[in-house]
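Q: I am new to this structure and should be grateful for a close look at a single part of it.

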Amino acid sequence: MPDRQSRRSVLATIAALPLTGALSACGGGGGDTRPGSSTSSTGSTGTTGRTSGTGRTGRRTRITFWSALRGSQEVVDAFNAGHDTIHVDYQQIPSGGQGGYAKLSNAARAGNAPDVATIEYPQVPGFAIDGVCRDLTDLISDRLRAALLPQALGLTTFEKRVFSIPLDIEPMVLHYRTDLFERYGLDVPRTWEEFEEGARTVRREGGQRRFVLFPTDGATQLAAYAWQAGAQWFDTAGGAWNVSLADAPTRRVAAYWQRMIDDDLVHMNAVESRQSDAQIAGGLVLTRLTGAWDAGAQIQARPGQKNRWAIAPLPQWDPARPAVGTHGGSTFAVTKDSTAPEAAMEFIEWQVSHPDALRARLSSGTSSQYPAVPGLVDVGREAFDRGYYGGQDIYTLFEEQARTIREGWIWGPRMSATGKVMQDGFARASGGQSSLIDAIRAAQDGTMPDLKALGLSTTQRST
Amino acid sequence: MTSATPVSVPADVTARPAPKRPAAPPARATRASSRRRELGACGVLMTPFFALLVTVFLIPVGTAVYLSFFSDDQPGLGFGPERTVFAGLRNYTAVVTDPTFLGGLGVVALYCLIYIPLMVVGALALALLLDSGVVRLRGTAQLALFLPHAVPGIIAALIWLYLYTPGISPVIDVLAKADITVDFLGVHTVLPSIVNIALWSNLGYNMVVFYAALQAVPREVIEAAVVDGAGPVRTALQVKTPLVRPSILMVSMFTLIFALQLFTEPMLLSQSSQMISSRFSPSMYIYDAAFTRNNYGLAAAASVVLLLCTIVLSYGVTRWTNRASAEEATR
């Protein structure tokens, strides 16, 4: 039972959440969205840095960089230390869902977006359509284009134009509790069938324990499952957005998880919640299905569970033809408001492809990002502290998994909103009021009016 | 007698107290100047109203209507350059075919059906109780009931969020000790929970409105009713209540208008309950459309639709009650 103090702090957190969102959402024309207005050293960025930056020689070009990614400060410091011609002013902003994206949209609307913004893969098409992302096709160097994993670059390329540069690509993997697997005599599941058997075993013998959590706030998780199974939620062939969230592979995935839910084989609650934290901390859940990045987040969140977790490939539908989807991952975009796009691009290229950038980020001790530039994997393998995972070489595993990321997946033009409607349906499904496939259909129905109002060409074919 | 005096003896005119005849031309002047003064006063007194009406109502409404017919269009996939084009009724078609918006309207309709009767009946009952003289410490009771209205809506929602959230709520803890498990933020309980917050905030205010109206009821009417043998309950229901009918209409109308704009409470509670979606009410839909979906045309069209709904409903309520009272008058 929480005491007074923790009650107060929890309440303060609750109070702070909507306010940060609202403030950043409304701060379009306000001072807080002016890049770099918070510190004196960067005070001139908004005006003098912009105008004099590109033109005059002998003075450093100043660019502004917004990100919520962990370790960004370390990366920016390393960049500034090694560059004489460009100086990056870093401003930490709330993560996208907590108001970061609203802040970026409003800043772009007001004409003072930062030079470089951080955008996760699902939101790239939306910001590209809204004109926030600059077309980088002519700015991206051949060297960088060749260095990036094709599946990653494919996610930020539309109509053969590149709108954002991938930083990391995060194949979904299976994190599992080695000690509890041993206790219940479980083998690491290679197929979803085996995964379900494991879930039934734990349901029978595990008491309060469950094999896995189905997150009610997990539209991106479900997308990764569907992606793996061969779904194509959005397609741009034929010059129109074809939306088919409830296609055959997705229906198969939804039916699979619905059965697990109906038979009470899984926990069903939000993953971004204290409840979920308690489930993991208390050993009430045996596996986590998340992106590679979660390995680092786990180290930071629960240092006490050292040597109890290991990582394995995601279970497959057909082990003969392995495939995975991604979960998480970020990209860097140069915004339309940038007056120094070349300098911004140079910073981005360094950040995503230079070994020092990855070393600096991993030095924060909280990241296990899998770089979208495969040439950096060796750097990650060296820089990552394997102690927590009992010496397991997780970067080699990530490398193998990243190669099997199914090509051709396309995120939709309003992915945050689509995901939210879907999650509203998941929440109702957790109360037994609805089903997963209903939630997915509702997400499609709630997305179409949005796309039509934007004036996009749309179709709705389904397999 | 006095006809020639103003001309012949001017001195006399000033000496005399104001006579009738000479007063005529100045009277015309006074009427004109008082008219001018009236107009001036009208101008001074009404300018703030019209200035505010124009700046905080007409201009925003006009902007919303304008935005709702235009769109930053990019044909095809949308990755081309943007240009603002006239979109006709496209945004309206999108809004009225959006199941999430219609769902929000449904939620607000249900909310009104629960909230408005509870509010009107509750506030009237409390006012009648206070007016009947049954309650001791009338002033204190009134203050205690009115106080929650002084708490800003966002603070009220936070307080109630604290009381509703499992794990931190003392209410849920106490109930749990008595083996009662309540989920205030569950599928079926979340709307009543919001109604509860709104009632807590506004009951006292409307009670004061009714109480003031009851004070204006002539005492002789009540005395006559008492003489005729009406008990306190009958006096309250059949004498006082019909006499404060205009106040009931006014309170219902304002409550309806505020209820249709339901926003603060669900917005805050949505942080704690997944049962409140980001498009829970029409106002939340508008907020979400503008700031999450970055779709200002859609948000503007939804705002106009909500405004039209409000106008139609308010007009309907007024017409209906007017007709009802007219029928009563002819009876």
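Is B:Asp179 buried or exposed, and how many other C-beta atoms lie within 10 Å?

A: The model is a predicted one, in which local features need pLDDT of at least 70 and side-chain atom pairs count only at pLDDT 80 or more, while totals for chains, interfaces and linings use all residues. Residues are numbered from 1 along each chain as its sequence is written, and chains are lettered from A and ligands numbered from 1 in the order in which they are written.

B:Asp179 is exposed, because 6 other C-beta atoms lie within 10 Å; with C-beta atoms placed from the backbone, a residue is exposed at 12 or fewer such neighbours, buried at 20 or more, and partly exposed in between. In chain B, B:Asp179 belongs to the loop that joins helix 8 (170–177) to helix 9 (190–215). Helices are DSSP runs of H or I with at least four residues, strands are runs of E with at least two, and both are numbered from the N terminus. The backbone of B:Asp179 has a phi near 65°, which is positive although the residue is not glycine. Most residues other than glycine have a negative phi.

The wider setting is chain B, which is divided into domain 1 (5–73) and domain 2 (95–330), with bounds from an automatic or database domain assignment. The C-alpha centres of these two domains of chain B are 41 Å apart.

Chain A offers a further example. A:Asn307 also has a positive phi, near 70°, without being glycine, and it lies in the loop between helix 13 (294–301) and strand 13 (309–313) of chain A. A:Asn307 is exposed, because 12 other C-beta atoms lie within 10 Å.
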